[in-house]
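Please open the structure in the viewer and keep the sequence panel visible. The tour begins with the whole chain and then proceeds to individual selections.

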Amino acid sequence: MASVPLVEALRALEQKARAAVEEAGDAGDLERVRVAYLGRKEGRISGLLRGLGKLPPEDRPAVGAEANRVKGSVAAALDARAETLATDALQARDPVDLTLPPRGKWRGTIHPVSRAIDDIWAIFRSMGFTRTRGPEVDDEWYNFVALNTPLDHPAADEQDTLYLAPGLLLRSHTSPVQVRTMQKHEPPLRIVAPGMVYRRDTYDATHTPAFAQIEGLVVDEGVTFVDFKATLAEFARRFWGPGTQVRFRPSFFPFTEPSAEVDVKRQGSDWLEIMGAGMVDPAVLENVGYDPERYTGWAFGMGPGRVAMLRHGVRDLRLFYENDMRFLGQFA
Ligand code: PHE
């Protein structure tokens with residue numbers, strides 16, 4: 001077969017061309033390789049094919065087919081090398097550490113404190129409460145004064161509260177939402193208001209300077225201490241189970257009278273304080289323009305972080321707020 005030497009020469013050129021492509025260091029080099037091998041006039045493959053006419057006609061198709069294959073193979077090598085060079089150039093400009101392990105796939109879940117809030121909320125919703133919220137930055141009037149707390153009260157002290165500017169602070173509790181809601185709406189009112197609150201607390205197993213609270217407020221005609229106690233006891237039994245014991249300990253808050261700390265106890269565990277609460281002080285009703293002779297109410301401020309601790313047997317509140325995925329992932 002007369003075609004054999006030409007086919008072999010084509011294959012040899014293919015090897016050379018591919019080697020030249022691999023050596024090309026930039027786009028200019030690549031273009032020179034392309035012209036040298038695939039160029040129509042000067043290209044070495046075209047040059048070789050000029051000998052085609054001397055072949056017997058029956059040998060020409062085989063050589064033509066091989067020539068096309070070689071051209072395609074060299075063109076593909078040129079394209080691949082061009083892409084590699086472009087990626088390398090990008091990488092040099094904006095290096096990515098390809099040795100870093102990939103992040104892998106993980107599915108987000110509800111944070112255990114958010115879940116406690118949602119579950120607490122679901123029970124109050126079934127008892128006719130509306131969910132609302134208020135600003136995390138508030139002023140002294142809403143955070144203290146309207147709540148019957150004089151500004152020389154220790155809670156208003158710079159030692160305890162995070163001030164942003166004179167008179168302006170990160171709310172130290174969700175109770176200002178009581179005031180804002182009563183200003184906007186007439187009784188009857190039944191609301192819960194979850195949100196973050198801020199205090200200059202030491203960071204320890206049961207305190208974090210930023211933590212979640214849920215405020216609750218009921219105001220209507222004829223609301224009594226019995227409604228207050230029965231509703232909270234019902235909540236506790238629905239949340240923790242029918243055997244849950246509830247205890248009201250006398251306490252003091254400037255905005256409730258009488259006031260109580262509410263503790264719950266499940267079988268086999270200790271009493272745990274879950275909220276401050278009490279009958280709304282008539283002075284607060286007066287501050288928002290309600291008639292304290294006509295209306296009475298009760299309120300609570302619950303710590304859903306504490307609730308989540310109790311629920312999951314977690315001993316350190318800080319774990320909930322440090323947001324380490326290895327810890328939080330356990331509650332998925
Ligand atoms: N605001 C109080 C606190 O943060 C809790 C509370 C709310 C007490 C409502 C009574 C009524 O400690």
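Begin with the entire protein in view. A compact globule of 332 residues would have a radius of gyration near 20 Å, whereas the protein has 39 Å. The model is a predicted one. Along the principal axes, the C-alpha atoms fill a box of roughly 120 × 50 × 40 Å.

Next, colour by secondary structure. The display should show 12 helices and 10 strands. Of the 332 residues, 40% are buried. If a surface is drawn, about 18,500 Å² is exposed, and carbon and sulfur atoms supply 53% of that area. Among contacts between residues at least 6 apart in sequence, 65% join residues at least 24 apart.

**First stop: a pair of helices**

Two packed helices are described by the angle between their axes and the distance between the axes. Select residues 4-23, helix α1, together with residues 60-93, helix α4. How do their axes cross, and within what distance do they come? The axes come within 10 Å and cross at roughly 5°. Because angles under 35 degrees count as roughly parallel, α1 and α4 are roughly parallel to each other.

Now show the side chains where the two helices meet. On α1, the residues in contact include L6, V7, L10 and R11; on α4, they include V63, E66, A67 and R69. Further along, A17, R18, V21 and E22 also belong to the α1 side, while A77, L78 and R81 belong to the α4 side. By class, this contact has 11 nonpolar, 1 polar and 7 charged residues.

**Second stop: two cis peptide bonds**

Most residues other than glycine have a negative phi, and most peptide bonds are trans. The remaining selections depart from these patterns.

Select P187 and P188. The peptide bond from P187 to P188 is cis, with omega near 5°. P188 lies in the loop between α7 (176-184) and β5 (189-198).

Move next to E257 and P258, where the connecting peptide bond is also cis, with omega near 0°. P258 is found in strand β8, residues 256-265.

**Third stop: two asparagines with positive phi**

Select N148, in the loop between α6 (140-143) and β3 (163-165). Its phi is positive, about 65°, although N148 is not a glycine. Is N148 buried or partly exposed? At 30% relative accessibility, N148 counts as partly exposed.

Finally, select N323, in the loop between α11 (318-322) and α12 (325-328). The phi of N323 is near 55°, a positive value. With a relative accessible area of 48%, N323 is partly exposed.

Notes
Residues numbered from 1 in each chain as written. Predicted model: local features only at pLDDT ≥ 70, side-chain atom pairs only at ≥ 80, totals over all residues. Heavy atoms only, no water. Axes fitted to C-alpha atoms, helices over the stretch in contact; angles between N-to-C directions. Helix = DSSP H or I, 4+ residues; strand = E, 2+ residues; numbered from the N terminus. Parallel < 35°, antiparallel > 145°, perpendicular 65-115°, else oblique. Contact = heavy atoms within 4.5 Å. Nonpolar A, V, L, I, M, F, W, Y, C, P; charged D, E, K, R; others polar. Rg over C-alpha atoms; globule rule 2.2 N^0.38 Å. Buried < 20%, exposed > 50% of the residue type's maximum accessible area, 1.4 Å probe, protein only. Areas by Shrake-Rupley, 256 points an atom, 1.4 Å probe, with all protein chains shown as cover.
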